[in-house]
Amino acid sequence: MKTQTQELRYYIATPEELTPADAALVEAAKAATYSSYSPYSHFSVGAAVRLENGEIVQGSNQENAAYSPTICAERCAMFYANAHHPDIVPTAIAIAARGTDGAFTPQPVSPCGVCRQVLVETQQRYGRPLRVLLYGSHDIYLFDSISDLLPFQFDEGSL
């Protein structure tokens, strides 16, 4: 039996270190948290997707008492982008969350497994890396590709 190690490379930035385009994307994700419908968890998540043409689309988590019909902000935003702009490549997604106290989380929140899979499929669909920005009021994590967050991904090669 062999042991292998995989490294995860990401950047930690402050808002002042972001490019203007990335700062705008993060601000759009933060703004999207205010359209969240989260009466059960009281945990508001917003996502913003930047398309290759510079347009930004937003989504937020939408809860349901039955839970399984609930949709996460990341999927809400990406599905909107794919449905309304199927020929324009998504280049980046930013994610922000506000906790039960209404304040933005100090550390970034990461997409759930289902959202990671959807984002990987989107990246694969367009054949370009999808950058990921995870906002926390103390730190912002930047990943060059969603593949960094889902290294052993299920993709068309798995079928």
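In the predicted model, a search of the whole structure identifies 5 salt bridges. One of these pairs aspartate 22 with arginine 50, with 2.9 Å between the closest N and O atoms; because aspartate 22 belongs to helix 1 (residues 20–32) and arginine 50 to strand 2, this salt bridge ties together parts of the chain that are 28 residues apart in sequence. Both aspartate 22 and arginine 50 are buried. Aspartate 22 also forms a salt bridge with arginine 131, again with the closest N and O atoms 2.9 Å apart, and here the link runs between helix 1 and strand 5, distant parts of the chain separated by 109 residues. The relative accessible area of aspartate 22 is 5%, whereas arginine 131, at 24% relative accessibility, counts as partly exposed.

A further salt bridge joins glutamate 52 to arginine 128, the closest N and O atoms being 2.5 Å apart. Glutamate 52 is placed in the loop between strand 2 and strand 3 (56–60), and arginine 128 in the loop between helix 3 and strand 5, so that the pair links parts of the chain 76 residues apart. Through shared partners, Asp22, Arg50 and Arg131 are joined by salt bridges into one network.

With regard to nonpolar packing, the largest core comprises 22 residues, of which Val49, Ile93, Val132 and Ile146 have the most contacts inside it. Two or more residues are contributed to this core by each of several elements, including strand 2 (44–51), strand 4 (90–98) and helix 3 (113–126). Another core, lying apart from it, has 15 residues, among them Ala13, Leu25, Val26 and Tyr135.

How values were computed: Residues numbered from 1 in each chain as written. Predicted model: local features only at pLDDT ≥ 70, side-chain atom pairs only at ≥ 80, totals over all residues. Heavy atoms only, no water. Core = buried A, V, L, I, M, F, W, Y, C linked by side-chain atoms within 4.5 Å. Buried < 20%, exposed > 50% of the residue type's maximum accessible area, 1.4 Å probe, protein only. Helix = DSSP H or I, 4+ residues; strand = E, 2+ residues; numbered from the N terminus. Salt bridge = Lys/Arg side-chain N within 4 Å of Asp/Glu carboxyl O.
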